[in-house]
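Student: Hey, can you walk me through this protein? I'd like to get a feel for how to read it.

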Amino acid sequence: MLLSMTGYGKSECRIQDKKYIIELRSLNSKQMDLSMRISPLFREKELEIRQLLAQLLERGKTDCAILPENGGKEDSVATINFSLLDSYISQLTEYADKHNLNTDVFAIAMRIPEVTKPAEYGNLTDDEWNTLKTAILEAVSHFNSFRKQEGEALQRMFTEKLNAISQLLSEVEPLEKERIEKIRVRLEDNLHLLSVETQQSVDRNRLEQEMIYYLEKLDITEEKVRLRNHIKYFFETMEQSAEQGVGKKLGFVAQEMGREINTLGSKSNHSEMQIIVVKMKDILEQIKEQILNVL
């Protein structure tokens with residue numbers, strides 16, 4: 001069963017009398033690409049959270065947010081050094097009056113780094129960390145359920161597209177004998193256009209051998225067999241355990257399918273077969289686009 005790299009999971013927990021929301025979102029990516037927005041209260045545990053998510057989510061461009069329920073605003077506030085603020089305001093006011101400057105000295109003073117000190121947060125207790133970890137695991141569980149639902153939709157789509165390619169391949173078979181016969185007739189007609197002397201000098205046995213060799217080069221039996229085998233293997237791969245992550249393998253199988261379809265097109269020498277090949281290529285491109293979303 002397939003898993004999608006597109007996922008969403010959400011949970012919540014209460015720590016130090018405040019509710020925190022844990023949200024996970026992901027899109028497709030070749031590797032694990034994790035970005036985090038977390039409350040300063042949990043900053044000391046950021047590395048552990050990253051390691052936990054990297055282990056559980058495998059790959060994808062993932063955004064993790066662990067923030068207060070009120071939209072990211074913390075109750076703790078920065079500390080203002082009022083004595084230093086008074087000193088800066090006094091100096092700035094004196095300087096502004098001296099040079100006849102019309103400026104907001106308070107706003108300037110508040111932007112000086114030493115005036116304000118960031119809010120301090122205590123260390124998490126073991127119980128608080130366990131509470132947070134449990135909420136993260138719950139969000140991951142919801143996240144994986146979402147991935148599974150999206151993966152099931154992808155698998156249905158792949159099944160429909162692969163069956164369409166198989167149906168088109170079966171439509172090629174009735175055209176094969178007609179194609180070979182047309183090629184043979186065309187070669188013989190071209191031979192009749194030669195002068196009588198040239199026709200008489202042609203070795204008929206050698207001509208038959210050359211025609212057989214030429215027609216064998218246009219034979220597409222092997223390509224059809226290999227394409228069917230690739231389709232079969234695609235189906236088998238989709239049924240593997242979702243924990244194995246089969247997206248890359250499906251991409252390789254699709255590439256091999258494309259090679260066989262391209263060879264069918266180059267050997268076709270038949271307008272209707274070429275139309276069928278174009279339809280196969282179009283369907284295969286749709287498959288390749290969606291494979292990028294498979295975990």
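Tutor: Let's go through the overall make-up, two helices, a strand, two loop residues and a pocket. This is a predicted model, where local features need pLDDT of at least 70, side-chain atom pairs count only at pLDDT 80 or more, and totals for chains, interfaces and linings use all residues. Residues are numbered from 1 along each chain as its sequence is written, and side-chain values use heavy atoms, with hydrogens and water left out.

Student: Okay, how many helices and strands are in the protein chain?

Tutor: The protein chain has nine helices and six strands. Both are DSSP runs numbered from the N terminus: helices are H or I with at least four residues, strands are E with at least two.

Student: And what share of the residues is buried?

Tutor: Of the 295 residues in the protein chain, 36% are buried. Buried means under 20% relative accessible area, exposed over 50%, and partly exposed in between, using a 1.4 Å probe and protein chains only.

Student: Let's pick a helix. Which residues of α7 are buried?

Tutor: They are Glu223, Lys224, Leu227, His230, Ile231, Phe234, Thr237 and Met238. Seen down the axis of α7, they fall within an arc of 155 degrees, so they line one face of the helix. The arc is that of the directions from the helix axis to the C-beta atoms.

Student: Why would residues three or four places apart point the same way?

Tutor: An α-helix has 3.6 residues a turn, so residues at that spacing point the same way.

Student: What's exposed on the face of α7 turned away from the buried side?

Tutor: That face carries Glu222 and Lys232.

Student: Back to Thr237. What does it touch?

Tutor: Not counting residues up to four places away in sequence, Thr237 touches Val246, Lys249 and Leu250. A contact means heavy atoms within 4.5 Å. Thr237 counts as buried because its relative accessibility is 0%.

Student: Now α9. Which residues are exposed on its other side, and which are buried?

Tutor: Val278 and Glu289 are exposed, while Met273, Ile276, Val277, Met280, Ile283, Leu284, Ile287 and Ile291 are buried. The buried residues of α9 fall within an arc of 130 degrees seen down its axis, so they line one face of the helix.

Student: Switching to strands: where is Ile21?

Tutor: Ile21 sits in strand β2, residues 18-27. Ile21 is buried, with a relative accessible area of 15%. Ile21 and Glu69 are 48 residues apart in sequence, but their C-alpha atoms are 5.8 Å apart in space.

Student: What about Asp17, buried or exposed?

Tutor: Asp17 is exposed, at 72% relative accessible area. Asp17 is in the loop between β1 and β2, and its phi is near 60 degrees, a positive value in a residue other than glycine.

Student: And what's the phi of Glu58?

Tutor: Phi of Glu58 is near 70 degrees, again positive in a residue other than glycine. Glu58 lies in the loop between α1 and β4.

Student: Last thing: which residues lie nearest the centre of the largest pocket?

Tutor: Gly247, Lys248, Gly251, Ile291 and Leu292 do, out of 15 lining residues. On a 1 Å grid over the protein atoms alone, where a 1.4 Å probe fits, a pocket is an open set of points with protein on both sides within 12 Å along at least five of seven lines, and lining residues have an atom within 4 Å of a point. Helix α8 gives the most to this lining, with six residues.
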